[in-house]
Amino acid sequence: MRRAFALAFIFAIVLTVGFAPQARASTSEFRALWVDAFGDGIFNDAEVTKLVNAAKAMNINALVVQIGRRGDCFCNRASMPRTQAGITPRPYDPLDAIIAKAHEAGIQVHAWIITTAMWNASWTPATLRPRDPAHAFNQHGPDPAYQTEVRMRPGYDNWLGVRYDGALRETTSSAANWFFDPGHPDAAAYIAEMYLSVARNYAIDGLNFDRVRYPDPDTLYTAWPGDNAWGYNPVALERFHAATGRTDRPLPTDPQWSQWRREQITGIVRKVYVEAHAIKPYLRISADTITYGDGPQGYGGDWTLTRPYRETLQDWRGWMEEGILDTNIPMNYKREHCTGTVLPSCLGDQRTWYEHWSDFAKDHQYARSTTIGAAIYLNMVSNSVVQVRKARAPSSSGATGIGWVGYSYRTPDCFANPLPASAECQPKRNGDTSRAELIRALTQPSEYDSVLPPVFATPAAVPDMPWKSAPTRGHLAGTVTTNTGVALDQILVQVRDPETDAVIASRLTDGSGYFAFVDLVPAKYKVFVPDDARVTGKRVALTTVVAGGVARVSIAPFAKGAEGKRPPKDRTPTFVPAEDPNAVEELPNGER
């Protein structure tokens, strides 16, 4: 049925009068390291102790620890299987271990999970597949009826991302990723539960989205430069057709198709934000966001022309405006020594790009916060200190972020980076040596920094989130299903004033019939499903939003005929060990 597609992209009206980025106390600053799960960090208790000691010596107050790589978990109590990487056997729980030791040292732990990656080894031979039969790749990857060739499963059981040309992996490499398609309702629900199960079961301080986007283009697949060619899972295409009334196979450049895919990612972020708030209101929800190339300043100030928005379909500026992140962590992975001159490993004026993206992120915090992410693995220690100071400085318009995050603990500078680097980063050395130098540069007077005092000379507290610690707004969430419990996908929901019937906010449900609105003024509201050819009968509910709370509504009209998609299957969390323990990232997320 044809419906006005514009309705799909009506965003909630968020009344932000009086909201502004908070002033930062001199003793308050977010100082963190990303701790990736592809090397030393949390594989055993000794590594955890070493990690915490290094963070403490660096006056770091938060660790963004990767616990989810590709459909697995470096933990024992989550909806995805325990990793089959070479961690200490049960009962050891890497996430429990880092939480206990970090909290004892006064350091926060934020659980970092890759959002859309499902697996990264070949389908054949079968020994390369996850060992846990409950792993999402075994349950919803290629069709097991064909053991020697790759074919997609039929119908809803197929969760794989599909490229326009039919490819199922990002490159031809044997270690290339397979992906969840965010436009598949069951896959999207599974992704959200990965995060929420960790929030329920662990004493974490925050959840951290990574790769919360569609896959990067393959540099060898040049048919659609500048646009994203992923998202062609048959179920996703069927939903797009239902939303628009179209019947064609849209091109990757199609604006309507691109915006529909963008909203699938946004819907996952929104659901995790609201539902995590309902579980533990104090959790900081953050995302590692893309900053490929130059910032909007290089595109006439137009965010929609930038590579993150067009190429990865990640609208992180929109997430900040809506308020569905607490902290944006732009992965501003730029080499300070690259200034536009022709040097090995240098592409473009990366020093200026770093400044542009830092300014843009600080200027677009809305009612939330931003802390700048930097690539210490691409820089010499002295240049990393320069980038820390730029991250802490006000933007050209005077806006300040809340701190700095460095990638990564394991690779503290370009000398410890095993990948080819510029001549300035030779000879290579081990991570321990580089880390000791970084600690000294950040905390003590040294040859790396002529400015005093050193950037992290004294400890600092993690900044408060006043919208959570002293809330003046509340959230609203609910579902629309038929009276028999079938989810109503992409049906319009309006939030109205119960007295005047004025529409305050509108959006479509996701594939499970779920919807949510954030930062509503505390008040009574009417939630209404307007006339729709699919349903009849009761289409309204009244609710009261309170500051800091999540109001719940459930609307269940009668279906007209065979409408709606079947509900997502209930999935029982599995805790049996399962992933490729020796996989090496070809390029860390955020680096091209």
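The protein chain exposes about 21,400 Å², with carbon and sulfur atoms supplying 56% of it (Shrake-Rupley method, 1.4 Å probe; for residues, only the protein chains shown count as cover). You're working with a predicted model, where local features need pLDDT of at least 70, side-chain atom pairs count only at pLDDT 80 or more, and totals for chains, interfaces and linings use all residues. Residues are numbered from 1 along each chain as its sequence is written, and side-chain values use heavy atoms, leaving out hydrogens and water.

**Exercise 1. Get an overview of the chain: how many helices and strands does it have, and what percentage of its residues is buried?**

Step 1. Count the elements: the protein chain has twelve helices and 20 strands (DSSP runs, H or I of at least four residues for helices and E of at least two for strands, numbered from the N terminus).

Step 2. Now burial: of the 592 residues, 61% are buried (under 20% relative accessible area; exposed is over 50%, partly exposed in between, with a 1.4 Å probe and protein chains only).

**Exercise 2. Work out the open sheet that holds β12: what is the strand order, and which helix lies across it?**

Step 1. Read off the order: β15-β12-β19, an open sheet of three strands with mixed pairing. Two strands pair here if DSSP finds at least two bridges between them.

Step 2. Look at the edges. β15 (514-520) and β19 (550-555) each have a single partner strand, so one side of each is left without a neighbour in the sheet. Neighbouring strands are turned by 15 degrees against each other on average, direction ignored.

Step 3. Zoom in on one pair. β12 (residues 474-480) and β19 run parallel and are joined by six bridges; His475 stands opposite Val550 in β19.

Step 4. Add the helix. α6 (residues 255-279) lies across β12, β15 and β19, at about 70 degrees to β15. Contact means heavy atoms within 4.5 Å; axes are lines fitted to C-alpha atoms, for helices over the stretch in contact, and angles run from 0 to 180 degrees between N-to-C directions.

**Exercise 3. Do likewise for the open sheet with β13: what is its order, and which residue is the bridge partner of Gln494?**

Step 1. The order is β14-β13-β16-β18, four strands with antiparallel pairing.

Step 2. At the edges stand β14 (503-508) and β18 (540-545); each has a single partner strand, so one side of each lacks a neighbour in the sheet. From one strand to the next, the twist averages 25 degrees.

Step 3. Three bridges join β13 (residues 492-496) to β16 (residues 523-528), and the two run antiparallel. Gln494 has Phe528 in β16 as its bridge partner.

**Exercise 4. Sort out the disulfides: how many are there, and how are the cysteines paired?**

Step 1. Searching the whole structure turns up three disulfides (cysteine sulfur atoms within 2.5 Å). In sequence order, the bonded cysteines pair 1-2, 3-4, 5-6.

Step 2. Start with Cys73 and Cys75, S to S 2.0 Å. The torsion about their S-S bond is about 110 degrees, so this disulfide is right-handed. Cys73 is buried at a relative accessible area of 0%, and Cys75 is buried at 1%.

Step 3. Next, Cys338 and Cys346 have sulfur atoms 1.9 Å apart. Their link is left-handed, with -80 degrees about the S-S bond, and both cysteines are buried.

Step 4. Finish with Cys414 and Cys425, whose sulfur atoms are 1.9 Å apart; this link is left-handed, with -80 degrees about the S-S bond. Both cysteines lie in the loop between β11 (403-407) and α11 (431-443), so the pair ties together parts that are eleven residues apart in sequence. Cys414 and Cys425 are buried.
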